Amino acid sequence: MSTLVDSQDHNHDQHHTPKGFKRWLYTTNHKDIGSLYLIFSLTMFIVGGAMAMVIRAELFQPGLQLVDPHFFNQMTTVHGLIMVFGAVMPAFTGLANWMIPMMIGAPDMALPRMNNWSFWILPFAFSILLMSLFMEGGGPAFGWTFYAPLSTTYSNDNTALFVFAVHIMGISSIMGAINVIVTIVNLRAPGMTWMKLPLFVWTWLITAFLLIAVMPVLAGAVTMVLTDKYFGTSFFDAAGGGDPVMFQHIFWFFGHPEVYIMILPAFGIISTIVPTFSRKKLFGYASMVYATSSIALLSFVVWAHHMFTTGMPLAGELFFMYATMLISVPTGVKVFNWVATMWRGSITFEIPMLFSIAFIVLFTLGGFSGLMLAITPADFQYHDTYFVVAHFHYVLVTGAVFSIMAGAYYWLPKWTGHMFNITLAKWHFWLSLVSVNILFFPMHFVGLAGMPRRIPDYALQFADFNAIISIGGFAFGLSQLLFVVVVYKCARGGESVPDKVWEGAEGLEWEVASPAPYHTFSTPPEVK
Amino acid sequence: MKACHAVVSLFALLMSFGATSNSDYNMRKGVTDISQNVYQLHMTIFLICCVIGVIVFAVMFWALIHHRKSKGAIAAQFHESTKVEILWTAIPFIILVVMAIPATKTLIAMEDASKADLTIKVTGSQWKWHYEYMGHDVDFYSVLSTPREQMNDLEEKGEHYLLEVDKALVIPTGKKVRFLMTSDDVIHSWWVPDFAVKKDANPGFINEAWTNVNEAGIYRGQCAELCGKDHGFMPIVVDARAPEEFELWLAEAQIEKQQQAEASAALLDKTLSKEELMAVGEQVYMGYCAACHQPTGLGLPGVFPAMKGSALVQGDLKPHIDILLNGRPGTAMQAFGKQLSIKQIAGVITYKRNSWGNDTGEVIQPSQIQAEIDATKEKEQ
Amino acid sequence: MEHDALLKKLLLSAVAMFAFAFALVPLYDVFCDVTGLNGKPSMEVAEQSQKVLNSRMVDVSFTTHAQQSAPFAVKSQQYMVQVKPGEMTEVTFFAQNLSGSARVMQAVPSVSPGKAAKYLHKMACFCFDKQAFAPSEQLEFKLLFYVDTELPADVKELTLSYTVFDISDSVQANINAATVNSGAS
């Protein structure tokens, strides 16, 4: 990422660039902004991870040892918010900023000044959120899903800060998504037709549409929480004719597409990396595009599968069960495609490939537990237990986060011009792989055995598994510090790499120099 | 990658253990026909997933092992095959349809709560459950009975740590029992794994669920929806008894309720000692108040007010009694007049006024509480 | 600028989706009315019942529930009544303000099973209006209702629940001006 420091050499031919902090504050360069996003995301990943460590430390053994339940609830809430809005989403936006223009042969993002804004409001959002933790009464303690009336009538006065923070995050995401769409639609190099777009670009395009469709709905939901709490409306208050369950419908109308916002770009990354190290074309490019689109469309009609226990008419339960099960079809198509791509390839196991293979296996496990959760009668038993926690961490940590790691290792040499320390990276991979499974796998068992989620203390029969989970958690948390070291060292120096870093890699990004110059494709390339 | 493989087989292995008994790492089979159906569904879908997983990963690992560059593999050039793609879209679809049939059947059975033999209204509140036997004039609160010392590691934890209550819900076996769920404040969720019943209790709305328990026994569950600070501390204990024993219990409960009313009346003429009131008060405070106001009386600044040094607690008696009886609308402060006896209220007020350095020296008698209740009634007449 | 048109469209979509979030509120109500999603019966005064169906009986049970901080005791005279679809039935509810101050009560009805909600017609109900109570006042309310003859055959019993809220704080209640007895005797 720090090539940016080096790459200043490349652009002194142009208008003079401010130095130091101002350079980063005023930058409109997609590579700079991409780096800012990625660094921010890594920082948030560490902050949110530290909160997870607090959670795991408290749950290490039964009894209340370290934090009181109110603070514990703040930790689970803010951990969720930070990881979703601060770590995973900005990481994907960072990758989009860096890679989309380079992949489609564009000189920059289409709306560079908006790009600057969409990044620079983010630190404010998270400062507000984090500062609320230190105020009297503490930060949000109602879960990242902020169900009313816990978040309205029964929350503390700092809820307004939470609402404003979410508003800013939403505005940032929407601006980022608009930028992605305009860039992809208007700035493709001549000859870069729709069905030639790299899959990462395709998945991001679809993601961007999802973002524009649902982030405003989230903004609406938090606005209603705000007015219910402070201005006497009763959207969610039964006393005034409202309905608390309606909150959940609105929230999950946003929330379920949001889940796919966090996984579709991951599909794009894996679909880029697997062919590279299999030295074989992606098996079904077109079907991947269609599968992604159908997942995106289906994501709008499955939201109530998060709410089976709220009391729904039978017809509703059946509809949402069937629709949810249906999603496994296009998701399966993707997994089959990756396997078919590897089949009879010429496979090597560089670090990005290791992460991708781990992604495919572990994401699929998460997919299986997702299918189990779709079966409504069984969901009554799984719902709000650690089984669900296991499910979404498999999908989001070994899914989204592993894909981000894979992408980072894949493109890091291109960004910096240096190969990262492979030994350290291998340690990072294997330690992460083992510890993440020690961390999340036993959660299936405690969940099935009946441990509810979001509790600071638990019955004795869950004690052994929780101790194991916590050990896995600490190990996984510490392993991620290795990643920070690898990235830092790679930015500072290392073995120089050729333009085409990976032998089997394809795409326009490998045709520019390594490290990627500050300005690329000022004249559009010709795509055959 | 071997590790992934090992993990997958471990999953399969552990889960197949679970299939044979009520284990600590698999879903409970439970004690109702429905819960057993649900368990079957769970195992079926799990096995289907395992089979698919084994096939897909076997193919993948075969490729990873045999189609390696280091083994001299040269990449084939094939891609896109409509036939294969139709096949791997259609087969999962068929599996899903097969899966959906038993799931639909079970779901339809679960949702039919009509013609119940007994209806119990379940009300969640922060952080306890209230049970009302509809049409039988029996109702009571069910509160966590695990002592605070156990949570704070000052005492050894009991066998049913955090899964025990002062008064269990008693239901008859072999009868259809319907539950009507609602809530007093935020959303709670009533869950007993052995019945496969989990239903949200929404404030202002009612929800239905039902069960028909086959075996007598004690069944434990917990609140499953985050409901604030002590969400982890509102367990559910159900005591299922043979119908005759249940009838006996119900009759006793009705008598007990009457006796309690009479005992309260008798209290009015008595003067209780400060020691007795303080003892009652401490018990009530720890059970009902300490969750918010903390055992130290310091509260949680900005969330729950402190009792220590509070102007209300040390000031006039009347507003203090009033807030205990009637609560404060729009806050977590509940109207305890409905939950506690006059003796308990007298005790807890005495306790608050003489603890943590609050030093009023006042001793409040149950008759004073009753007088306060009567005073509001008289005003009307 | 070449990007302006697209930018405008996308911004407009975002704004439209924000508005859509609020449009979900009335949409949800309509959706609930049609499907009985949340079991909320109509808050409008129903029309007279047209015919009575003698062929079947429906059990209607009542339960009331005062929110913790709502100092009211509300109880129906009967726990359950058996009615024929279309038959008008009157049930008395006794309500009392347990506090020593003037309070305003709002009752919110809910029906279980939810799909029966739209077949329960109320011609008079204390839930239609806010009810003002003098300190410790006792009031009697009459609920006049009938079950629609179209009630699906598989619904053999239904429960009407009232949750009672204390809304004194949100309503600047003026006891003298309040409509103490509208919709009740």
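The following exercises, each with a worked solution, concern a predicted model with chains A, B and C.

**Exercise 1. Overall form of chain C**

Determine which elements chain C contains, and set its radius of gyration against that of a compact globule of 185 residues.

*Solution.*
Step 1. Chain C holds one helix and nine strands. Read from the N terminus, the order is α-β-β-β-β-β-β-β-β-β, so the helix precedes the strands by the DSSP numbering from the N terminus.

Step 2. The radius of gyration of chain C is 21 Å, whereas a compact globule of 185 residues would have one near 16 Å. The C-alpha trace of chain C spans about 75 × 50 × 25 Å along its principal axes.

Step 3. The domain assignment divides chain C into domain 1 (1-35) and domain 2 (58-166). The C-alpha centres of these two domains of chain C are 37 Å apart.

Step 4. Of the 185 residues in chain C, 53% are buried. The accessible surface of chain C amounts to about 8300 Å², and carbon and sulfur atoms account for 57% of that surface.

Step 5. Considering contacts in chain C between residues at least 6 apart in sequence, 79% join residues at least 24 apart.

**Exercise 2. The sheet of chain C**

Establish the strand order of the five-stranded open sheet in chain C and identify the strands at its edges.

*Solution.*
Step 1. The strand order in chain C is β3-β1-β9-β5-β7, and the pairing is mixed.

Step 2. The edge positions of this sheet belong to β3 (80-83) and β7 (131-133) of chain C; each has a single partner strand, so one side of each lacks a neighbour in the sheet. From one strand to the next, the twist averages 30°.

Step 3. Within the order, β1 stands beside β9. Strand β1 (residues 58-66) and strand β9 (residues 157-166) of chain C are paired in the parallel sense over eight bridges. As an individual position, T63(C) has S161(C) in β9(C) as its bridge partner.

**Exercise 3. The sheet of chain B and a helix across it**

Describe the five-stranded open sheet of chain B, then state which of its strands helix α5 of chain B lies across.

*Solution.*
Step 1. In chain B the open sheet has the order β3-β2-β1-β5-β8, with mixed pairing. Its edge strands are β3 (138-142) and β8 (207-211) of chain B, each of which pairs on one side only. The twist averages 25° between one strand and the next.

Step 2. Strand β1 (residues 118-125) and strand β2 (residues 128-133) of chain B form an antiparallel pair over six bridges. Here G124(B) is opposite W129(B) in β2(B).

Step 3. Helix α5 (residues 243-267) of chain B lies across β1, β2 and β3 of chain B. Relative to β3(B), this helix runs at about 90°.

**Exercise 4. The surroundings of L210(A)**

Is L210(A) buried or exposed, and which residues does L210(A) touch beyond those up to four places away in sequence?

*Solution.*
Step 1. L210(A) belongs to helix α8 (residues 199-230) of chain A.

Step 2. The relative accessibility of L210(A) is 2%. The cut-off for a buried residue is under 20%; L210(A) therefore counts as buried.

Step 3. With residues up to four places away left aside, L210(A) touches P257(A), Y260(A), I261(A), L264(A), A296(A), S299(A) and F300(A).

Step 4. One of these contacts is Y260(A). L210(A) and Y260(A) are separated by 50 residues in sequence, while their C-alpha atoms are 8.4 Å apart in space.

Conventions
Residues numbered from 1 in each chain as written. Chains lettered and ligands numbered in written order. Predicted model: local features only at pLDDT ≥ 70, side-chain atom pairs only at ≥ 80, totals over all residues. Heavy atoms only, no water. Domains from an automatic or database assignment. Pairing = 2+ DSSP bridges. Helix = DSSP H or I, 4+ residues; strand = E, 2+ residues; numbered from the N terminus. Axes fitted to C-alpha atoms, helices over the stretch in contact; angles between N-to-C directions. Contact = heavy atoms within 4.5 Å. Buried < 20%, exposed > 50% of the residue type's maximum accessible area, 1.4 Å probe, protein only. Rg over C-alpha atoms; globule rule 2.2 N^0.38 Å. Areas by Shrake-Rupley, 256 points an atom, 1.4 Å probe, with all protein chains shown as cover.
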